[in-house]
Amino acid sequence: MSDIDFETRTKTVPKVERPKLHKVILVNDDYTPREFVTSVLKAEFRMTEDQAHRVMITAHQKGSCVVAVFTRDVAETKATRATDAGRRKGYPLLFTTEPEE
Ligand code: TYC
């Protein structure tokens with residue numbers, strides 16, 4: 001008889017982790033027109049006029065505002081695209097990202 005133990009099994013415990021979400025943050029500045037900020041929020045983040053206006057006003061009054069949360073790739077792509085939309089018009093409009101706690 002063989003000494004090989006065919007019954008030995010390695011139990012793998014599946015480690016399924018939810019991908020960390022990242023916030024997209026709109027940063028206020030003194031130069032970008034309000035209507036332009038609102039139009040970028042509508043186009044890039046699929047907001048209604050009302051939602052976009054609220055987010056713009058919050059950033060304007062408080063200095064910044066969380067726009068939405070996404071997986072890291074999506075958050076970074078959207079922040080870059082939205083920032084570039086302002087840059088193309090010569091505005092200092094800035095969207096940043098940061099991981100959620
Ligand atoms: N503060 C700008 C103005 O008064 C408007 C603005 C709002 C710009 C929010 C950027 O993230 C921003 N024209």
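**Helix α1 and the strands around β1**

Helix α1 is followed by R46, a residue whose phi is positive and lies near 50°. The model described here is a predicted one, and the account proceeds from this helix to the strands that contribute to its cover.

Helix α1 comprises 12 residues, 34-45, and the distance from its first C-alpha to its last is 16 Å, close to the 16 Å expected at 1.5 Å a residue. The buried residues of α1 are F36, V37, T38, V40, L41, E44 and F45. An α-helix has 3.6 residues a turn, so residues three or four places apart point the same way. The cover over the buried residues of α1 includes the strands β1, β2 and β3, together with the helices α2 (49-62) and α3 (72-88).

Strand β1, which spans residues 21-27, is itself mostly covered, with five of its seven residues buried. In a regular strand the side chains alternate between the two faces of the sheet. With strand β2 (residues 64-71), β1 pairs in the antiparallel sense over seven bridges, and within this pairing L21 stands opposite T71 of β2. Strand β1 also pairs with strand β3 (residues 94-99), again in the antiparallel sense, here over six bridges, and the bridge partner of V27 in β3 is L94.

As regards aromatic side chains, three pairs are counted when ring centres within 6.5 Å are taken as paired. A single aromatic cluster is formed by F45, F70 and F95; of these residues, F45 is also among the buried residues of α1, whereas F70 falls within the residue range of β2 and F95 within that of β3.

Terms used. Residues numbered from 1 in each chain as written. Predicted model: local features only at pLDDT ≥ 70, side-chain atom pairs only at ≥ 80, totals over all residues. Heavy atoms only, no water. Buried < 20%, exposed > 50% of the residue type's maximum accessible area, 1.4 Å probe, protein only. Helix = DSSP H or I, 4+ residues; strand = E, 2+ residues; numbered from the N terminus. Pairing = 2+ DSSP bridges. Phe/Tyr/Trp six-rings, centres within 6.5 Å; stacked < 30°, edge-to-face > 60°. Expected span 1.5 Å × (residues − 1). Contact = heavy atoms within 4.5 Å.
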